[in-house]
Amino acid sequence: WCLTSLPFSFRVKPLHYISWLVGHEGKGSVLSFLRKKFWALALYGGNGETGFEQNSTYSIFSISVTLTDEGYKHFYEVAHVVFQYVKMLQKRGPDKRQVIWEEIQKIEANEFHYQEQTDPVDYVESLCENMQLFQKEDFLTGDQLLFEYKPEV
């Protein structure tokens with residue numbers, strides 16, 4: 001899906017939130033259903049937040065399903081299930097899902113605080129990219145942490 005640009009919604013990270021829901025692998029998830037039918041091995045959804053997938057003009061959200069041979073035979077049914085799930089998420093809306101958002105926020109905060117040290121060159125490159133996108137107080141955390149729950153976004 002090609003969506004409007006979301007450069008100023010970094011404090012909310014709506015695409016990260018949606019990808020978390022789409023990529024969920026537990027009971028009631030799309031992947032769980034597809035695995036029970038032996039149609040899929042994996043499902044990935046989201047936005048890589050690279051310059052190509054997210055920029056000042058647009059944002060791209062994609063879903064990729066790794067099919068089994070049986071799943072390939074049922075390609076249209078698989079696509080239908082995925083679109084039904086997305087439609088259900090849209091219909092239910094995020095209002096009732098603040099608990100999920102808070103869970104994501106805590107997990108991302110833990111990953112940030114306990115991340116492995118990166119190569120200094122990669123770290124500087126990441127900071128320079130962040131300087132183009134965020135206010136100075138968010139240079140270190142703006143691309144990783146979730147700050148605000150705003151269901152309307």
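Helices (H or I, at least four residues) and strands (E, at least two) are DSSP runs, numbered from the N terminus. On that basis the chain holds six helices and four strands. Along the sequence they follow the pattern β-α-α-β-β-β-α-α-α-α.

This is a predicted model: local features need pLDDT of at least 70, side-chain atom pairs count only at pLDDT 80 or more, and totals for chains, interfaces and linings use all residues. Residues are numbered from 1 along each chain as its sequence is written, and side-chain values use heavy atoms, with hydrogens and water left out.

**The chain as a whole**

Buried means under 20% relative accessible area, exposed over 50%, and partly exposed in between (1.4 Å probe, protein chains only). Accessible areas come from the Shrake-Rupley method with a 1.4 Å probe; for residues, only the protein chains shown count as cover. A contact means heavy atoms within 4.5 Å.

| Property of the chain | Value |
|---|---|
| C-alpha box along the principal axes | roughly 50 × 35 × 35 Å |
| Buried share of the 153 residues | 29% |
| Share of contacts with a separation of 6 or more that join residues 24 or more positions apart | 66% |
| Exposed area | about 10600 Å² |
| Carbon and sulfur share of the exposed area | 57% |

**One loop residue**

Phe52 sits in the loop between strand 2 (40-46) and strand 3 (58-60). Is Phe52 buried or exposed? Phe52 counts as exposed because its relative accessibility is 60%. Leaving aside neighbours within four places in sequence, Phe52 is in contact with Tyr58 and Ile60.
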